[in-house]
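Let us go through the labels one by one. Each is set against its cut-off.

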Amino acid sequence: MDKDDKDLVKESLQGSQKSFEEIVDRYYKTIYRLAYRILHDDDNAEEITQIVFVKAYESLGSFNPKFKFFSWLYRIAVNETLNLSKKLSYTEKLNEEYSSAAENPDEIYARSELGEKIEIALMELDILYRVPLVFKHFMDYSYKEISELLGVPEKTIKSRLFTGRQILKEVLIKNKIFQK
Amino acid sequence: MIDKKYIELMNRDLDSLISSEEKRLLQDYLDGNWEAKEYYDELFIATEALKRLEDPIPSENLRKRIINSINFNKYADKPGKIRTGGFIRSLNIKYAFTFAAGLLAGILIYSLVMVTQSKIVPDEISGTIGLSENFVTLENIPLNYSGLTGNITILKRGNEFWIDVNSYSSRPVDFVISYPDQVQFMNLEPAAAGSMNLSTGKDYTKLISSGKQLYSIKFAATSKVVSPLYLKILQSGTTVYETEFSLNN
């Protein structure tokens with residue numbers, strides 16, 4: 001039977017490398033996907049994944065077993081992703097990328113697959129709206145869970161989700177991914 | 001004009017959080033308001049579009065990189081293990097450096113005296129000069145990052161190779177070298193480098209260090225053809241440099 005996350009944490013704190021490696025095995029792909037959805041960049045997503053596990057291991061002693069381990073891990077992931085996003089002025093960079101794309105959208109979008117177009121559209125959203133959308137649609141989190149994770153009232157999360165979806169819809173129309 | 005109350009219902013419907021009663025109410029509203037219907041359809045398509053996205057796949061070596069970047073010594077200390085105090089350690093290092101500096105100065109002075117005094121008379125020289133196998137420089141990596149400067153040289157001679165590190169870092173730096181089965185870690189030189197946090201596994205060697213660093217890590221290849229090796233430098237958990245290199249020159 002698979003061991004509980006909390007048992008693995010306990011064993012890791014007792015010096016078992018194997019137990020922490022099992023934690024890595026369980027979550028590294030999810031953390032990578034989460035970071036990728038927010039940043040839309042392979043290298044940065046891998047970088048974040050690596051940092052998350054290094055930080056998680058370093059501060060494993062501060063994990064409170066009353067809470068879910070993966071939520072704790074995701075919180076580290078979100079913080080690191082947002083920090084990197086700010087550091088890289090990601091939104092600004094992407095806005096620039098988009099303005100060049102907007103000059104000749106037909107040409108740009110003809111080159112990319114539909115999935116890529118949708119990902120680009122998602123990246124046009126402010127990170128404030130993108131993160132709740134990612135958690136809702138890719139991690140299947142409830143409003144309450146997103147609210148706890150991000151430390152923002154549930155009502156705000158709901159509003160950001162609605163607005164995010166509205167903006168995404170407009171971007172998809174603007175980028176001719178679907179016609180009005 | 002779309003009623004705000006129904007915009008919320010539409011969103012909750014898309015999140016599958018709507019009751020059957022609310023669903024019926026929403027449907028009636030959409031049937032009687034083409035603008036709302038169009039708005040809802042667009043929202044629906046946008047939400048569905050997200051479902052079309054395939055899961056991104058990380059590179060094959062990500063897991064290995066994660067494991068290699070973790071300092072597993074943190075919780076692995078055995079109880080009762082006698083630790084050398086930092087003060088004593090620092091004294092040893094100071095003495096070692098003083099001794100080494102004195103020795104070097106002595107050799108230098110002696111060499112200068114010998115060179116100036118000796119006179120080579122070609123007629124008196126006979127025999128052959130043997131040259132040992134040369135070192136080949138595989139990589140020369142300059143380090144010029146915030147808080148980390150210096151350079152790394154990767155040298156090869158026969159089946160042995162060295163990674164020479166000459167660096168200064170204001171923060172702790174992890175040097176991680178991952179290698180295939182055909183490579184073995186031999187030793188770290190000089191002995192003073194032992195004050196650095198060295199950990200080795202079957203397929204990796206990791207050093208955590210800070211301040212001025214001058215050391216050499218020696219490896220041996222057990223096969224003529226060796227798969228690529230991987231060098232990574234991390235500062236506070238963030239990769240500042242990574243490269244793959246081959247010994248098969």
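Two strands pair if DSSP finds at least two bridges between them. This is a predicted model.

Q: How do you know that β5(B) and β6(B) pair, and what joins them?
A: DSSP needs at least two bridges for a pair. Strand β5 (residues 197-200) of chain B and β6(B) have four bridges, so by the definition they pair. The sense is antiparallel. Leu198(B) stands opposite Leu207(B) in β6(B). A hairpin of three residues joins β5(B) to β6(B).

Q: Why is strand β6 of chain B called largely enclosed?
A: Buried means under 20% relative accessible area. In β6(B), residues 204-221, 15 of the 18 residues are buried, so the rest of the structure largely encloses this strand.

Q: What makes β3(B) and β6(B) a pair?
A: The cut-off is at least two bridges. Strand β3 (residues 160-178) of chain B is joined to β6(B) by 16 bridges, so the two count as paired. They run antiparallel. Asn166(B) faces Leu214(B) of β6(B) across this pairing.

Q: How do you know that β4(B) pairs with β6(B)?
A: Again, at least two bridges are needed. Strand β4 (residues 183-189) of chain B has six bridges to β6(B), so the definition is met. This pairing is antiparallel. Gln184(B) stands opposite Ala220(B) in β6(B).

Q: Why is Asn187(B) called partly exposed?
A: Partly exposed lies between the 20% limit for buried and the 50% limit for exposed. Asn187(B) has 26% relative accessibility, so it counts as partly exposed. Asn187(B) is in strand β4 of chain B.

Q: Which residues is Asn187(B) in contact with, leaving aside its neighbours within four places in sequence?
A: Contact means heavy atoms within 4.5 Å. Asn187(B) is in contact with Ser216(B), Ile217(B) and Lys218(B). Lys218(B) is 31 residues from Asn187(B) in sequence, with 5.3 Å between their C-alpha atoms.

Q: What makes β1(B) and β2(B) a pair, and which residue of their hairpin takes a positive phi?
A: Nine bridges join strand β1 (residues 136-145) of chain B to strand β2 (residues 148-157) of chain B. At least two are needed, so they pair. The strands run antiparallel. Thr137(B) has Leu155(B) as its bridge partner in β2(B). Two residues lie between the strands of the hairpin, and Gly147(B) takes a positive phi near 80°.

Q: How do you know that β2(B) pairs with β3(B)?
A: They share ten bridges against a cut-off of at least two, so they pair. The sense is antiparallel. Ile152(B) stands opposite Val165(B) in β3(B). Their hairpin has two residues between the strands, and Gly158(B) in the turn has a positive phi of about 60°.

How values were computed:
Residues are numbered from 1 along each chain as its sequence is written. Chains are lettered from A and ligands numbered from 1 in the order in which they are written. This is a predicted model: local features need pLDDT of at least 70, side-chain atom pairs count only at pLDDT 80 or more; totals for chains, interfaces and linings use all residues. Side-chain values use heavy atoms; hydrogens and water are left out. Buried means under 20% relative accessible area, exposed over 50%, partly exposed in between (1.4 Å probe, protein chains only).
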